[in-house]
Protein chains: 4
Amino acid sequence: MGAFRTRGLRQLGGSPPQSLTKPISDVRSARVTEAVIFGASGYSGLELLDILAGHPAVTVVAASSDRWAGEMVAERLRRWPTDLRFTSHAEVFEATREGQIALLAMPAEASADLAPRLLDRGLRVIDLSGAFRLRDPAAYEEWYGFTHPAPALLDEAVYGLPELFEVPADARLVANPGCYATATIAACAPLMAHHLLVPGAPLVADGKSGVTGAGRSTKDELMFPEVQENLRAYRVGRHQHTPEVEQALAAVSGRPVRLCFTAHLIPMRRGILVSVYAPVHRGVSSIEVERAYKETLGGHPFMAWVDRPPETAPVRGTNFVEVHARVEPRTQMVCAFAAIDNLGKGAAGQAVQNLNLLLGLPEATGLLPAGDA
Amino acid sequence: MGAFRTRGLRQLGGSPPQSLTKPISDVRSARVTEAVIFGASGYSGLELLDILAGHPAVTVVAASSDRWAGEMVAERLRRWPTDLRFTSHAEVFEATREGQIALLAMPAEASADLAPRLLDRGLRVIDLSGAFRLRDPAAYEEWYGFTHPAPALLDEAVYGLPELFEVPADARLVANPGCYATATIAACAPLMAHHLLVPGAPLVADGKSGVTGAGRSTKDELMFPEVQENLRAYRVGRHQHTPEVEQALAAVSGRPVRLCFTAHLIPMRRGILVSVYAPVHRGVSSIEVERAYKETLGGHPFMAWVDRPPETAPVRGTNFVEVHARVEPRTQMVCAFAAIDNLGKGAAGQAVQNLNLLLGLPEATGLLPAGDA
Amino acid sequence: MGAFRTRGLRQLGGSPPQSLTKPISDVRSARVTEAVIFGASGYSGLELLDILAGHPAVTVVAASSDRWAGEMVAERLRRWPTDLRFTSHAEVFEATREGQIALLAMPAEASADLAPRLLDRGLRVIDLSGAFRLRDPAAYEEWYGFTHPAPALLDEAVYGLPELFEVPADARLVANPGCYATATIAACAPLMAHHLLVPGAPLVADGKSGVTGAGRSTKDELMFPEVQENLRAYRVGRHQHTPEVEQALAAVSGRPVRLCFTAHLIPMRRGILVSVYAPVHRGVSSIEVERAYKETLGGHPFMAWVDRPPETAPVRGTNFVEVHARVEPRTQMVCAFAAIDNLGKGAAGQAVQNLNLLLGLPEATGLLPAGDA
Amino acid sequence: MGAFRTRGLRQLGGSPPQSLTKPISDVRSARVTEAVIFGASGYSGLELLDILAGHPAVTVVAASSDRWAGEMVAERLRRWPTDLRFTSHAEVFEATREGQIALLAMPAEASADLAPRLLDRGLRVIDLSGAFRLRDPAAYEEWYGFTHPAPALLDEAVYGLPELFEVPADARLVANPGCYATATIAACAPLMAHHLLVPGAPLVADGKSGVTGAGRSTKDELMFPEVQENLRAYRVGRHQHTPEVEQALAAVSGRPVRLCFTAHLIPMRRGILVSVYAPVHRGVSSIEVERAYKETLGGHPFMAWVDRPPETAPVRGTNFVEVHARVEPRTQMVCAFAAIDNLGKGAAGQAVQNLNLLLGLPEATGLLPAGDA
C-alpha cells in the first residue's frame with residue numbers, strides 16, 4: 001500500500017529544518033531533469049511554469065495547451081524570458097521521452113486517460129487532478145461522474161501530501177492532493193493523530209476559496225460583476241474532495257472518518273481558508289491542542305502553527321500552510337483553521353514539492369528564496 | 001416577558017402577503033412621526049438616513065455625529081437633497097421631544113447609557129446595538145465587557161426580529177438584533193421550531209461578513225491593502241452575538257441551545273452569509289427540512305426560501321433574508337444558510353421594519369418599491 | 001432639428017429646484033403608463049426594472065429576454081415582489097400596444113432594427129443603445145460597424161441629455177446618451193458654453209469604468225480572476241461614444257469639437273469617472289471655471305458641482321452627475337472630472353428621467369426618495 | 001552632472017540581453033554585500049526584504065521599523081525563514097558600518113535627514129523617497145513642503161532609472177524614481193528622444209494607482225469600505241512626481257517639458273497604469289511611434305513593448321515596464337501607456353536593479369527566475 005505510509009512525526013525545532021539549509025549550490029550542480037506540463041494554460045498549469053522557471057534542477061521542455069497552442073509562454077508569464085510556446089496536447093504527448101517527469105494540470109477524466117499512457121512511455125507522473133487520489137474505483141462514479149479507466153493504478157499512486165505521507169523517490173505516480181483537501185487535512189490531522197476528537201462524530205469543514213479555484217472556466221457566474229461583492233456556498237455536502245479527506249484522515253487516525261464539507265466562493269483571486277469544527281473529548285484544552293499541532297506538523301518547512309487564526313494573504317504565492325486551533329470551552333468544540341494558496345500548496349507548489357522528492361532533492365528546492373539571506 | 005412572545009407561524013402563500021399590498025397612499029396620509037438618529041455617521045446610521053429619506057410616514061429631524069458635526073448630511077448621502085446637518089450627540093439629545101422615536105446606532109456601552117435617558121424624556125427607542133438584547137445582566141460583563149447600567153430595562157426590551165417574535169405597537173424599547181444573529185437565527189429557527197435537530201448537540205455557525213460589519217473604525221487591519229485578496233476568522237467562539245442567538249433559539253425551541261459561532265472577514269463591503277451545521281434526527285430528509293422552513297418563515301415579506309444556497313448579492317441593499325437548507329445524508333447533518341445585507345436586515349432595514357410596527361404601519365413601509373408595478 | 005435645442009441655462013439656487021418638491025401624491029393620482037422593456041436581462045435592463053418598480057406613474061408590463069425567457073423577474077430582482085416573467089423578444093414585440101412606451105436596452109444594431117417597428121405600432125421609444133444618437137448615418141459604418149437601416153429617424157431622434165438639450169413631451173424617439181458620453185459631456189459642456197477653451201485644440205478625455213459597462217458578456221477577459229487586481233485601457237481613440245460627444249459639444253459651443261477619448265476598465269462593478277484635460281485661454285482661473293459650471297448646470301436636480309474631485313461611490317445607485325474642475329496654472333490646462341453611475345445617469349436612470357419628460361412629469365419622479373424627509 | 005548622462009540606446013534584439021544570461025553561479029561566488037533597510041515595515045520596505053531574500057549577492061543585515069520594532073520579520077514575510085527582527089531606526093543607524101549599502105524606504109523629509117548621515121559613516125545609499133530626485137533645492141519647498149537640509153547632495157545624486165540614465169558603479173547616492181514618475185517617463189521618453197511631439201504643448205498624464213501606492217497609512221479614506229467600488233482623482237495637477245518627470249524628460253529631449261499630471265486611486269492593491277496624451281507632429285504614424293519605442297527601450301531586460309495597451313496584472317510582482325503607444329489620427333494625438341507594479345519597478349524592484357549596478361552585477365540579478373529553464 002503505497003499511498004499512506006505515515007511519515008515519522010518530528011518535534012518542532014526553533015531553527016529551519018535541515019532541508020532548508022542544504023546549500024542550493026549543491027543542488028545546482030545536480031543533473032537537470034526535464035519536465036513536461038500538460039494543461040499549462042489553466043491557473044495551476046501557469047503557476048507550475050512560474051515556479052519551475054526558477055527551479056535550479058528542472059527544465060520545462062514542453063507546455064501543452066489546446067487553448068493557447070502556438071502562443072509564446074512569455075506572453076502570459078512576463079517575468080520568465082523563455083522561448084517556449086504552448087503546444088497542443090497531442091503534439092506534446094508525441095514528443096515525450098523516457099526519463100521525463102510529466103505534471104498533469106487537467107480535468108480528472110482527461111488525466112485518468114493520459115497518465116497511464118505516459119507511464120507506458122517511461123515517464124513518471126505527478127497528477128494535479130483527482131484522478132488518482134482515491135483508492136476505491138467505485139468512488140469515481142459517485143464523486144467524479146466517470147468510470148475509472150485504470151483502476152489498477154489507484155493502488156500504486158502515492159498521495160502526495162509529504163508532511164503526512166511518505167513520497168518515495170522511486171514512485172512512478174503521485175496524486176497531488178486537492179486544494180480544499182490539503183487545507184482540511186492539515187487542519188484535522190494533528191487532532192486525529194493525537195485522538196483528541198470524540199470518535200464517530202462527523203467533522204464539519206467550511207471551505208472558502210478564491211475564484212481561481214474554479215479553474216479558467218468562462219461561466220456567467222464567474223464574471224467579475226457576478227462575483228465582486230458577492231458570496232455563496234456551492235457543492236453543499238457534495239464536493240469531490242470529501243472522500244479524499246476522509247481517506248487520508250482515516251489513514252492518520254486508524255479509524256473511519258466522516259466529513260461534512262461545504263465550499264464557498266469568495267470574491268478574491270487566490271487563497272483558501274478552511275474552518276473545521278469538531279467535538280473534542282471533555283477536558284481537552286487549547287494548550288493540549290496546540291501541542292498536538294506542533295508535534296504533528298513540526299519540523300516540516302511548509303507547515304506553520306500561528307498564534308492566531310491564519311489569514312490567506314501571508315501565504316499568497318507560497319507553498320505554506322498556516323494552521324491554528326483552539327477549544328471553545330462552552331461547547332467543547334475545537335475550531336481549527338488552515339490557510340493556503342490554492343495555487344501554491346493547494347496545487348502547483350505542492351506538485352513541485354513532490355517533484356523534488358521524486359528527484360531526491362530537498363523538498364523546498366525552488367520553493368523558497370534562493371538567496372543567502 | 002416582552003421579548004419572546006413567539007409570533008404565530010403562517011403558511012407560505014404564493015402571493016405577496018397582505019402587508020405588502022396595503023395601499024401606500026393610505027400610509028402617506030397618516031400622521032408623520034419624527035425620528036432622531038444617534039450615531040448617524042456610522043455605516044448603519046447612514047443607512048438609516050438613506051432608508052428613511054424615502055419613508056412616507058417618518059421624518060428624520062436630527063442626525064447626531066460627533067465626528068461629522070456641522071457637515072451637511074447631503075454631502076454624505078447625495079441622493080437625498082436635504083438641508084439636515086450632522087449635529088453633536090449632546091445637542092441632538094437636548095433637542096429631543098416626547099413622542100419622537102430615537103434610533104440608536106452607537107456602540108453598545110454608549111447606547112446602554114443613552115437609551116434610559118431618552119425613555120425618561122418620553123421618546124421611544126430602537127437600539128441597533130447589543131445593549132438591550134440580552135435578558136441576563138451578567139452576560140454583559142462576559143460578552144460586552146461592561147456592567148449594564150440599566151438592567152431593569154432588559155426585561156422590558158423587545159427583541160426586534162418580527163418574523164419570530166412579536167413587536168407590539170406600544171413597545172417603548174426595541175433591541176434590534178445583531179447582523180450575524182439575524183442571519184443565524186433565521187437559518188436555525190425553523191429547524192428548532194420543528195424539533196428536527198438532535199437535542200443537546202451544539203450548533204455550529206460559520207459567519208462570513210463584509211467589512212462594513214466592523215463599523216467605521218480606522219484600524220490598520222481594515223485598510224484596503226490588508227483586506228483585499230485576504231480572508232480570516234476572528235472572535236473564534238467568542239463573538240458577542242453568540243448569547244443573543246442562544247437566547248432567541250431557546251425561546252423558539254423551548255430548550256437550552258448551545259452555539260459555536262465563528263466570524264470571518266470577507267473582502268467585500270456589504271453582505272453576510274451564515275452557514276449552519278447541525279445533526280438532524282435519523283431519517284429527516286431535505287424535503288422535510290424545506291417544509292419546516294416554508295412553514296416557519298412563510299407569509300413574511302422579508303423571508304424567502306430559495307431553492308439553492310443563497311448569495312449575498314441579491315439581497316444587497318434590501319431587508320430580505322434568503323434561506324436554504326438541505327440534509328447531507330452521509331453524515332446526517334443539516335447544512336443551512338442565510339444571506340442578508342448586514343446593513344439592511346442586519347441593521348437599518350430591520351430597524352425600520354420595527355419602526356413601522358411601533359407606528360402601526362405595514363412592516364414593509366418604506367422598505368420595498370413604492371410604485372404600482 | 002430635434003436633438004439639440006439647447007435648454008435654457010439656469011442659475012444655481014441654494015434650495016432644491018421646483019421639480020423636486022412637486023408633491024409626489026399629485027403624480028400618483030396621474031394616469032399610469034405602461035412600459036415595455038426590451039433586453040431586460042442585461043445590466044441596464046435590470047436596472048430599469050429596479051427603478052421602475054418604485055415609479056409611481058409607470059407600470060412595467062413586459063420584460064423581454066431571450067436568455068432568461070420563462071424565468072421570474074423576482075428571481076433576479078429580489079426586492080421587487082412581482083409576478084412578471086422574462087419573455088422572449090418576439091413574444092413581447094407581438095404583445096406591444098399603441099400608447100405604451102418601449103425602453104430598449106439592447107445592442108445598437110438590434111435597436112436600430114427594432115425601434116422603427118415599435119414606432120410603426122404606435123409606441124414611443126427610449127433607446128439606451130447608440131442606434132439613434134448620431135445624426136450622420138455614415139458615422140454608423142465607421143463607429144458601429146453596420147449600415148443604419150433607418151437613417152430617416154436619426155433626424156427625428158431627440159438626444160436625451162435633458163440638462164443640456166430639450167426633451168419635448170411629444171417626442172416619439174429618444175436616444176439615451178452613452179455612459180461615457182454623459183460623463184464627458186457633463187464635464188466639458190460648461191467650458192464650451194462659456195468659451196473658456198482654446199479653440200481648435202483637441203479635448204483629451206480619459207474614461208474609467210466599472211465592469212458592468214461592458215454588459216453581461218461572458219468573455220475570458222471579464223472573468224473575475226482576470227479583472228480583479230488588474231487595470232487596462234481599451235478602444236484607445238476608437239470608442240464609439242466619441243462622435244456622440246463631439247456632436248453634443250459642437251451643439252453647445254457652436255463650433256466643431258475634436259475629442260481624443262480612451263476608455264479604461266476598472267476592477268469594480270459600477271461607476272464611471274471621466275477626467276478631461278484641455279487648454280484654457282490664458283488668464284482663465286479656477287474661480288471662473290467654477291462659475292461656468294454652476295451657471296450651466298445649476299438648477300438641475302441631478303447635476304452637482306462638488307468642491308473636490310468627485311468620487312464614484314457617492315453617486316452609486318443614483319441618477320446624479322458630480323462635476324469638479326480646476327485650472328492647473330503651470331500648464332494652463334483645465335482638469336475637469338465627472339462621476340456617474342454607469343447604470344444610473346449613464347443608462348437606466350437617465351432613461352427614466354427622459355421617460356418622465358415624455359410623460360410630462362417632474363424629471364426626478366421615481367429617481368429620488370419619495371419620502372417627506 | 002551625475003544624474004542625467006543619457007545611457008546609450010540599444011536596438012531591440014529578439015533574444016534576452018546579455019545581462020540576463022550571465023551565469024548566476026558566477027554571481028553566487030562573488031563577495032556578499034551587506035544591505036540595511038530603513039523603513040522596512042512600509043509596503044516598499046517589505047517588498048525590498050522579499051526581493052533581497054532571494055538575492056544571491058546581498059544579505060540584509062538589518063531592517064528598521066519603529067512601528068514593528070522587536071517583531072520577527074518572518075512573521076510579516078512568511079516565505080522567508082529568517083531570524084531577522086525589525087529594529088528601531090536609531091538602533092539600526094548605530095549599527096551601520098562602512099561598506100554597507102543602505103536602502104531608504106521612508107518619507108522624503110526623513111530620508112533627506114538620514115541619507116547624509118549614512119554617507120558620512122561610509123555607506124552608500126539608495127533612497128526610495130523623493131528626497132534626492134530633484135536638482136533644484138527650491139523645488140522641495142514648492143512640491144514637498146520642506147526646506148532641503150542637504151542641497152549639496154542634489155547634484156551628486158544619480159537618478160536611478162537605468163534604462164535611460166547611467167548609474168555608475170561608484171555612485172554614492174542613488175535617487176530611486178517615483179512610481180508614477182517611472183511609468184510616465186517610460187511612456188514619454190521614446191517620443192521625446194525621437195522628437196515626435198509638438199514642442200511646447202504640455203504633456204497630459206493620467207496616472208492610476210493601486211492603494212499600496214499611498215503607503216501604509218491608516219486613514220479613513222483608505223479603509224476597505226471607502227475604496228472598494230470607488231474611484232477618484234487626487235492631487236490634481238499638484239502631484240510631487242511632476243517636477244521629477246519634467247526634469248528627466250527635459251534631459252532626454254534637451255528642451256524644457258511641461259507636464260499636467262493627475263493621480264487616481266484604483267480599488268486594487270498593486271499596480272500603476274499611466275496614460276499619456278500629447279500632440280504629435282503632423283504625419284507621424286503609429287508605425288513610426290512603435291519604432292521609436294523599440295529603439296529607445298530595446299535591449300533593456302525590464303522594458304517591453306507590447307502590441308496592445310498594457311495591463312497591470314502581467315507585471316504584478318515583477319520589475320517590468322510594459323509600454324504601448326499609438327497615434328489617434330483624427331486628433332493627431334499620441335496615446336501612450338506604461339504599466340508597472342508600483343512596488344516593483346515603481347519602488348523596490350528598481351532599487352534592487354540600481355543596487356546591482358552599484359555592485360557591478362548584471363542588472364537583473366535577483367529580479368528574474370534564477371532557474372536554468
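Me: A crossing is left-handed if the near helix is turned anticlockwise from the far one by less than a right angle, and right-handed if clockwise. This is a predicted model, where local features need pLDDT of at least 70, side-chain atom pairs count only at pLDDT 80 or more, and totals for chains, interfaces and linings use all residues. Residues are numbered from 1 along each chain as its sequence is written, while chains are lettered from A and ligands numbered from 1 in the order in which they are written. Does helix 3 of chain D pass helix 13 of chain D in a left-handed or right-handed crossing?

Reply: Let's start with the packing: helix 3 (residues 43-53) and helix 13 (residues 344-358) of chain D, both DSSP runs (H or I, at least four residues) numbered from the N terminus, have axes 8 Å apart at an angle of about 45°. That angle makes helix 3 of chain D oblique to helix 13 of chain D (neither under 35, over 145, nor 65 to 115 degrees). The crossing of helix 3 of chain D past helix 13 of chain D is right-handed.

Me: How many nonpolar residues does this contact of helix 3 with helix 13 of chain D have?

Reply: Residues are in contact if their C-beta atoms, placed from the backbone, lie within 7 Å. From helix 3 of chain D, D:Ser44, D:Glu47, D:Leu48, D:Ile51 and D:Leu52 meet a set in helix 13 that includes D:Ala347 and D:Val352. Beside 2 polar and 1 charged residues, the nonpolar ones number 7.

Me: Nice! What kind of axis relates chains C and D?

Reply: Superposed by least squares on C-alpha atoms of residues with pLDDT of at least 70 in both, chain D falls on chain C with an RMSD of 0.0 Å, after a turn of 180° and a shift of 0.0 Å along the axis. The relation is thus as by a two-fold rotation axis.

Me: Which residue of chain D comes closest to the rotation axis?

Reply: Chain D touches chain C with 36 residues, meeting 36 in return. Of the interface residues of chain D, 100% are also interface residues in chain C, so the copies meet through the same surface. At 3.3 Å (C-alpha), the residue of chain D closest to the axis is D:Pro267.

Me: Over in chain B, which strands stand at the edges of the sheet?

Reply: The open sheet has 7 strands (E, at least two residues) in the order 3-2-1-4-5-7-6, with parallel pairing (at least two DSSP bridges). Two strands of chain B each have a single partner, so one side of each lacks a neighbour in the sheet: strand 3 (86-87) and strand 6 (158-159).

Note on methods: Contact = placed C-beta atoms within 7 Å. Axes fitted to C-alpha atoms, helices over the stretch in contact; angles between N-to-C directions. Nonpolar A, V, L, I, M, F, W, Y, C, P; charged D, E, K, R; others polar.
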